[in-house]
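Please examine the sequence and the structure shown here. A student and a tutor will then discuss them.

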Amino acid sequence: MKNALRWIAAIGLGAALMAGCSSPAPEATKPTDGTAANTEKKLKIGVSIPAADHGWTAGVVWWAEQAMKDHKDVEWVFKTAQNPTSQIADIETMMAQNVDGIVILATESAPLTPVAKQVHEKGIYIVNVDRGFLEPVADVFLEGDNVAFGRMSAEFIVKQLGGKGKILVLQGVPCTVDTARVDAANVVFKANPGIEVLDSQPGMWNRAKALEVMQTMLLKHKQVDAIWAGDDDMALGAEQAMKEAGRKDIKFIFGGAGMKDIVKRVMDGDPLFPANITYPPGMIKTGIERAIADLKAGKKSGAAPQEKVVINLDLITKENAKDFYFPDSIY
């Protein structure tokens, strides 16, 4: 599992996941006395994830659907949610349907923590992917290295600006992922006195919202050297705002998550996008397969402390971008 996770991170989205990264479902135990195998109870697993409201979550939905297609021996209860309220209702329905486990990628961390705690207390196995809960109520928590995401992206910006410049920050959806990224980036910025963070506002990992927020920021700040966007959808929104405002002062934008369109621009040497960082939506497939394997192995909710699995990330530059560019990928 550890090697598979590293491999997913190394390829960004991981078009090659379809080429065999996923582990096959464990085979049912075969009898040794020549009789037919006993029919085992069919697993029922819920999958609760955000709706495809931007590129990365569209990738999450696609990879979740691929994972479920690969495991037709499981009864699936699949729901996508536009907001925390609808996701909470989805999970409550799954509990009422007596699922054996639930794979959850939260819309937001804080509102989903109480219902996740209810799931845990009911003895339902939880695999939490990407956006963590505020309490360790999952059995497995699988996430990208968001501290490294924030640190490496900020270090690149500082180096690219020669240690001196004014920047704007676009935050994401309120959750553990965004907190880890922004806090780690701010540690780097504060350690470099020549870097001034002019403003930091939430763009909600959404292109339209980021456009709106960046329009306001650019009206307020007349000299900006770079934008830390923390997500490729927000980076594209920021680029649109910059172009509409006719701003020539902004040297570059750093987004993140390895959107193929942005990786292509890095590969082609576009000065506005000199680098990016991997954060594969295919991690949801790994989380689903982990839930299947654990439940088939007889693992029980709460039998052990929450296990944390961290996916390593890679900085994408012009020199290595070809290794992370998959034109036929969903994201």
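The following dialogue concerns strands, helices and side-chain packing.

This is a predicted model, in which local features need pLDDT of at least 70 and side-chain atom pairs count only at pLDDT 80 or more, while totals for chains, interfaces and linings use all residues. Residues are numbered from 1 along each chain as its sequence is written, and side-chain values use heavy atoms, leaving out hydrogens and water.

Student: Are the residues on the two faces of strand β3 buried or exposed?

Tutor: Strands (E, at least two residues) and helices (H or I, at least four) are DSSP runs numbered from the N terminus. In a regular strand the side chains alternate between the two faces of the sheet. In β3 (residues 101-104), Gly101 and Val103 lie on one side and Ile102 and Ile104 on the other. By relative accessible area (buried under 20%, exposed over 50%, partly exposed in between; 1.4 Å probe, protein chains only), these residues are all buried.

Student: Which residue of strand β4 stands opposite Val103?

Tutor: Two strands pair if DSSP finds at least two bridges between them. Strand β1 (residues 44-50) runs parallel to β3 and is joined to it by four bridges, with Val47 opposite Val103. Strand β4 (residues 125-129) also pairs with β3 in the parallel sense, over four bridges. In β4, the residue opposite Val103 is Val127.

Student: How many residues are in the largest nonpolar core?

Tutor: A nonpolar core is a set of buried Ala, Val, Leu, Ile, Met, Phe, Trp, Tyr and Cys residues joined through side-chain atoms within 4.5 Å. In the largest one, Val103, Ile157, Phe189, Met214 and Ile284 touch the most other members. A second, separate core has 17 residues, including Leu112 and Val119. The number of residues in the largest core is 85.

Student: Why do helices α3 and α4 count as roughly parallel or roughly antiparallel?

Tutor: Axes are lines fitted to C-alpha atoms, for helices over the stretch in contact (heavy atoms within 4.5 Å), and angles run from 0 to 180 degrees between N-to-C directions. Angles under 35 degrees count as roughly parallel, over 145 as roughly antiparallel, 65 to 115 as roughly perpendicular and the rest as oblique. Helix α3 (residues 84-96) packs against α4 at about 5 degrees, with axes 9 Å apart. The two helices are therefore roughly parallel.

Student: What is the relative accessible area of Gln215?

Tutor: Gln215 lies in helix α7 (residues 207-220). Leaving aside neighbours within four places in sequence, Gln215 is in contact with Ala241 and Glu244. Gln215 is partly exposed, with a relative accessible area of 33%.
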